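Okay, thanks for coming, everyone. I'll walk you through one structure today, so let me put it on the screen.

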Amino acid sequence: MKGSLFISLEGPDGSGKSTQAYLLSRALRARGYIVTGICEPGGTPLGEQVRTLLFTEEGPPGRMAMALLLAASRAQVVEEVIRPALAQGDVVIADRYADSTLAYQAYGQGLDVDDMRALARMATGGLTPDLTLYVDVSEEVSRARMAARLQSNKLDKETASFHARVRFGYERLIAAQPERWVRVRGDAPIDAVHSAILKAVEPALARVMHTI
Ligand code: TYD
């Protein structure tokens, strides 16, 4: 049987994880892996429509509507893209996944943690990443990077206390399942963060190689 590997990247806004997800995909493809990359919300035609609904100039929907739309986008990308890719032994790299809903909608926006856990489970059918990279940045760096963005999404504009709650949420998630998470310092130069991520991914890749 071929091995597959499901990696997600998480982090606060401005952590640089989207750049890192791209660099990781590129590096693994260069090593001969078949990589499927997705970015949430999105990754399917329905997901792209959800992204448009969420991040319009008219403002975001209410927090529960937002959570449900994010879950719909996730359910679709799991069924249409992630499960088929894993079934054929690909490496899947997700730029955000269900942990974002717990960090942002539950801890950040104050929706019930158990409800959001149940919603995430419904959307994913219980499919959990093998490895989650937490790209951690200081509040100062995160704020500076958000301010420098030409295009911001609605949650970029949330208050400092919102972003602090999101960080706290991530810390709780990491503490609850330390075996799944690897923390990488995102304040370092792009290349250094990339090298740290490759190092973190290598043991998981080695396990996959053994099952090919
Ligand atoms: P995006 O432009 O993709 O930014 P980032 O590079 O930070 O991921 O915007 C995604 C935004 O949506 C980001 O502010 C986090 C938020 N989000 C949630 O609140 N819940 C979720 O489940 C997901 C996937 C994203």
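**Cores and helix packing**

Let me start with a serine: S142 is buried, with a relative accessible area of 4%. Bear in mind that this is a predicted model. S142 sits in helix α6. What does S142 touch, if we skip residues up to four places away in sequence? The answer is D13, G14, V137 and R167.

Now look at another residue in that helix, E140. Helix α6 covers residues 139-148, and E140 is in it. Is E140 buried or exposed? E140 comes out at a relative accessible area of 52%, and the cut-off for exposed is over 50%, so we call E140 exposed. There's also a link back to G14 here: the C-alpha atoms of E140 and G14 are 10.0 Å apart, with their positions 126 residues apart along the chain.

Okay, on to the inside. In soluble globular proteins, nonpolar side chains tend to be buried together. Here, the largest nonpolar core has 23 residues. The ones with the most contacts inside that core are L24, L28, V91, I93, L133, I197 and V201. Which elements supply at least two residues each? Those are β1 (5-10), α1 (17-30), β3 (91-95), β4 (131-136) and α8 (190-211). The largest share, 8 residues, comes from α8.

Let me zoom in on I93. Leaving out its neighbours within four places in sequence, I93 is in contact with I7, L9, A21, L24, S25, L28, V35, T36, G37 and I38. Then there's a second, separate core of 18 residues, and A67, Y107, I174 and W181 are among them.

Next, the helix pairs. We describe two packed helices by the angle between their axes and the distance between the axes.

Take α2 and α3 to begin with. Helix α2 is residues 45-54, helix α3 is residues 63-87, and their axes come within 8 Å and cross at roughly 160°. Over 145 degrees counts as roughly antiparallel, so that's what α2 and α3 are to each other. The crossing of α2 past α3 is left-handed. On the α2 side, the contact uses P45, L46, G47, V50, L53 and L54, and on the α3 side M66, L69, L70, A72, S73, Q76 and E80. By class, that contact has 9 nonpolar, 3 polar and 1 charged residues.

Now α4, which I'll show with two partners. With α5, the axes come within 9 Å and cross at roughly 155°, where α4 is residues 98-108 and α5 is residues 113-124. That makes α4 roughly antiparallel to α5. This crossing is right-handed. From α4 we have A98, T101, L102, Q105, A106 and Y107, meeting V113, M116, R117, A120 and T124 from α5. That contact divides into 7 nonpolar, 3 polar and 1 charged.

And the other partner is α7, residues 160-176: the axes of α4 and α7 come within 8 Å and cross at roughly 130°. So how do α4 and α7 lie with respect to each other? They are oblique, and the crossing is right-handed. D99, S100, L102, A103, Y104, Y107 and G108 of α4 make the contact with F162, R165, V166, F168, G169, Y170, R172 and L173 of α7. The split there is 9 nonpolar, 3 polar and 3 charged.

One residue to keep in mind is Y107: it shows up in the α5 contact, in the α7 contact and in the second core. That's my tour, thanks.

Methods: Residues numbered from 1 in each chain as written. Predicted model: local features only at pLDDT ≥ 70, side-chain atom pairs only at ≥ 80, totals over all residues. Heavy atoms only, no water. Helix = DSSP H or I, 4+ residues; strand = E, 2+ residues; numbered from the N terminus. Buried < 20%, exposed > 50% of the residue type's maximum accessible area, 1.4 Å probe, protein only. Axes fitted to C-alpha atoms, helices over the stretch in contact; angles between N-to-C directions. Parallel < 35°, antiparallel > 145°, perpendicular 65-115°, else oblique. Left-handed = near helix turned anticlockwise from the far one by under 90°. Contact = heavy atoms within 4.5 Å. Nonpolar A, V, L, I, M, F, W, Y, C, P; charged D, E, K, R; others polar. Core = buried A, V, L, I, M, F, W, Y, C linked by side-chain atoms within 4.5 Å.
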